[in-house]
Amino acid sequence: MAVRKLSGKALSEKKELTLAIIDRLKKEYPDADCTLDYDDAWKLLVSVRLAAQCTDARVNVVVRDLYAKYPTPEALAAAEPEDIEAIVKPCGLGHSKARDISACMRVLVNEYGGHVPDDFKALLALPGVGRKSANLIMGDVFGKPAIVTDTHCIRLVNRMGLVDQIKEPKKVEMTLWELVPPEEGSDFCHRLVMHGRDVCTARTAPHCEKCCIADLCKRNI
């Protein structure tokens with residue numbers, strides 16, 4: 001997959017804009033946290049799969065019943081996908097999500113002793129795990145550099161002018177790796193989610209009048 005590389009003055013200007021936006025968002029949203037509830041890495045794997053086309057708030061409710069019945073990776077790996085589906089159905093796409101969760105937990109138990117690997121390629125090899133999920137795990141669980149290109153991230157960085165009319169998640173990710181300092185990537189993406197939900201919204205006109213970066217934004221709406 002070819003991604004057009006920035007160079008020279010254009011790259012320098014984009015980096016400068018990126019750092020300014022990161023600084024503003026840090027002040028506006030000092031607490032940059034994942035909005036999925038979890039207390040173990042395997043639970044975040046489950047939740048991020050359930051969060052596809054579903055709100056984090058709903059996922060946080062649904063997983064309570066799931067973990068009450070299946071409190072360990074081993075218990076979830078031993079469960080029939082149909083039984084998992086019966087619980088996670090409110091998150092939508094219940095059949096495919098239950099199938100992926102079942103397969104993923106079986107791999108964790110059989111190949112990793114129930115532990116989530118801290119290697120990006122190993123995470124990508126898990127059933128139902130894509131780049132977004134793998135980056136989330138790398139950043140939030142293991143504290144490693146990560147760029148999580150969810151729908152909020154893609155929408156906002158296009159509007160802000162950090163990327164130029166790029167919608168494909170991996171291409172957005174590759175472009176942002178050029179612009180965002182590695183140690184800032186994970187928190188920056190969390191702040192984009194917060195800003196995207198509260199201000200730079202998708203289903204209504206963005207609330208530019210209360211945006212902390214309004215004077216920096218390219219407003220490509």
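In this predicted model, His190 is buried, with a relative accessible area of 9%. The residue is placed in helix H11, which spans residues 185-198. When neighbours within four places in sequence are left aside, the contacts of His190 are Ala32, Asp33, Cys34, Leu136 and Asp140. Asp33 and Asp140 are thus among the residues that a buried histidine of H11 touches.

The largest nonpolar core comprises 69 residues. Within this core, the residues with the most contacts are Ile21, Val46, Leu66, Leu76 and Met105. Helix H2 supplies the largest share of the core, 7 residues. In soluble globular proteins, nonpolar side chains tend to be buried together. For Ile21, with residues up to four places away in sequence not counted, the partners are Met160, Leu162, Phe188, Ile213 and Leu216. Of these partners, Phe188 falls within the residue range of H11, the helix that also holds His190.

Two of the residues with the most contacts inside the core, Val46 and Met105, also take part in the packing of H2 against H6. Helix H2 covers residues 41-50 and helix H6 covers residues 94-112. Their axes come within 10 Å and cross at roughly 160 degrees. Angles over 145 degrees count as roughly antiparallel, and H2 and H6 are therefore roughly antiparallel to each other. The crossing of H2 past H6 is right-handed. On the H2 side, the contact is made by Trp42, Leu45, Val46, Arg49 and Leu50. The H6 side contributes Ser96, Lys97, Asp100, Ile101, Cys104, Met105 and Leu108. Sorted by class, the residues in this contact are 8 nonpolar, 1 polar and 3 charged.

Positive phi values in residues other than glycine were found at Leu93 and at Gln165. Phi of Leu93 is near 50 degrees. Leu93 is located in the loop between helix H5 (81-88) and H6, and is partly exposed, with a relative accessible area of 45%. For Gln165, phi is near 55 degrees. Gln165 belongs to the loop that runs between helix H9 (151-160) and helix H10 (169-179). With a relative accessible area of 60%, Gln165 is exposed. Both residues with positive phi described here are therefore outside the buried class, which requires a relative accessible area under 20%. His190, at 9%, falls within that class.

Methods
Residues numbered from 1 in each chain as written. Predicted model: local features only at pLDDT ≥ 70, side-chain atom pairs only at ≥ 80, totals over all residues. Heavy atoms only, no water. Axes fitted to C-alpha atoms, helices over the stretch in contact; angles between N-to-C directions. Helix = DSSP H or I, 4+ residues; strand = E, 2+ residues; numbered from the N terminus. Parallel < 35°, antiparallel > 145°, perpendicular 65-115°, else oblique. Left-handed = near helix turned anticlockwise from the far one by under 90°. Contact = heavy atoms within 4.5 Å. Nonpolar A, V, L, I, M, F, W, Y, C, P; charged D, E, K, R; others polar. Buried < 20%, exposed > 50% of the residue type's maximum accessible area, 1.4 Å probe, protein only. Core = buried A, V, L, I, M, F, W, Y, C linked by side-chain atoms within 4.5 Å.
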